[in-house]
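Reader: I have a single protein chain on my screen, and before I plan anything I would like to go through it with you step by step. Could we begin with the overall fold and then turn to particular helices and loops?

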Amino acid sequence: MTDRRLFLDAMLGKLATYLRMCGYDAVYALDDDLEDDDEILARTHANDRTLVTRDRDIAAQAEQSVCLRHREIEDQLRELVDAGFDLALADTPVRCSECNGSLTAVDRARATPEYAPDPAEVAVWRCVDCGQHFWQGSHWDDVAETVSGIE
């Protein structure tokens, strides 16, 4: 169900990262400095997205919404699984966990920033929107472990 387009309100930044790493197109309100309920609802509607929120009032106003009850990431992920979301990390990342942009593989012969590994040794992806580089390192492993523990 990763084809579902999502909009996460300001309370769900960590969840946005997890969903992006699971391949979801997950816009996060604070990435666009949106905190006003009316603006969030308008953007969600205009872009045909499902609102994911912990705010029952705004969830009730949205055409499509998932209202979460819990604060902890593991509990939120469990709630999404219960709502029918497929939560598994893809073999190849497709979404930037920082900005939700698309990722493209870095050519093995290209140089990467100092913080990123050599693409000749490790698969590296670059966000076409923000330029951030990603690879499947310890953070990827931590998220994979958390997601795989959700039942």
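Reader: How many helices and how many strands does the secondary structure of the protein chain come to?

Author: The model is a predicted one, and that should be kept in mind throughout. Read along the sequence, its elements follow the pattern β-α-β-α-β-α-β-α-β-β-β-α. The secondary structure of the protein chain therefore comes to five helices and seven strands.

Reader: What is the radius of gyration of the protein chain, and which value does the globule rule give for its 151 residues?

Author: Taken along the principal axes, the C-alpha atoms fill a box of roughly 50 × 30 × 20 Å. Of the 151 residues, 42% count as buried, and among contacts between residues at least 6 apart in sequence, 47% join residues at least 24 apart. The chain is as compact as a globular protein of that length, because its radius of gyration is close to the value from the globule rule: 16 Å against 15 Å.

Reader: How far apart do the centres of the positive and negative side chains lie?

Author: The protein chain carries 15 positive and 32 negative side chains. The centres of these two sets are separated by 2 Å.

Reader: Where do the buried residues of helix H4 fall around its axis, and what is their arc?

Author: Helix H4 spans residues 73-82, and its buried residues are Ile-73, Gln-76, Leu-77, Glu-79 and Leu-80. An α-helix has 3.6 residues a turn, so residues three or four places apart point the same way. Seen down the axis of H4, the buried residues line one face of the helix, because they fall within an arc of 155°.

Reader: Which elements do the buried residues of H5 pack against?

Author: In H5 the buried residues are Trp-140, Val-143, Thr-146 and Val-147, and they are on the same side of the helix because they cover an arc of only 130° around the axis. On the other side of H5, Ser-138, Glu-145 and Ser-148 are exposed. The elements against which the buried residues of H5 pack are H1, H4 and strand E7 (133-135).

Reader: Which elements do the buried residues of H1 pack against?

Author: The buried residues in H1 include Leu-15, Tyr-18 and Met-21. Just after H1, Gly-23 takes a positive phi of about 95°. The packing partners of the buried residues of H1 are strand E1 (5-8), E2, strand E3 (50-53), H4 and H5.

Reader: Does Glu-35 count as buried or exposed, and at what relative accessibility?

Author: Glu-35 lies in the loop between strand E2 (25-28) and helix H2 (37-46). Leaving aside residues up to four places away in sequence, Glu-35 touches Ala-10, Leu-30 and Ile-40. The cut-off for an exposed residue is over 50% relative accessible area, so Glu-35 counts as exposed, at 59%.

Reader: What separates the C-alpha atoms of Glu-35 and Gly-84 in space?

Author: Gly-84 comes just after H4 and takes a positive phi of about 100°. Along the chain, Glu-35 and Gly-84 are 49 residues apart. Their C-alpha atoms are separated by 27 Å.

Reader: How far apart in space are Glu-114 and Tyr-18, C-alpha to C-alpha?

Author: Glu-114 is found in the loop between strand E5 (103-105) and strand E6 (124-127), and is exposed with a relative accessible area of 86%, whereas Tyr-18 is buried in H1. The two residues are 96 residues apart in sequence. In space, C-alpha to C-alpha, Glu-114 and Tyr-18 are 25 Å apart.

Conventions: Residues are numbered from 1 along each chain as its sequence is written. This is a predicted model: local features need pLDDT of at least 70, side-chain atom pairs count only at pLDDT 80 or more; totals for chains, interfaces and linings use all residues. Side-chain values use heavy atoms; hydrogens and water are left out. Helices (H or I, at least four residues) and strands (E, at least two) are DSSP runs, numbered from the N terminus. The radius of gyration is taken over C-alpha atoms; the globule rule is 2.2 Å times the number of residues to the power 0.38. Buried means under 20% relative accessible area, exposed over 50%, partly exposed in between (1.4 Å probe, protein chains only). Contact means heavy atoms within 4.5 Å. Lys and Arg count as positive and Asp and Glu as negative; His and the chain ends are not counted. The place of a charge is taken as NZ of Lys, CZ of Arg, CG of Asp or CD of Glu. The arc is that of the directions from the helix axis to the C-beta atoms.
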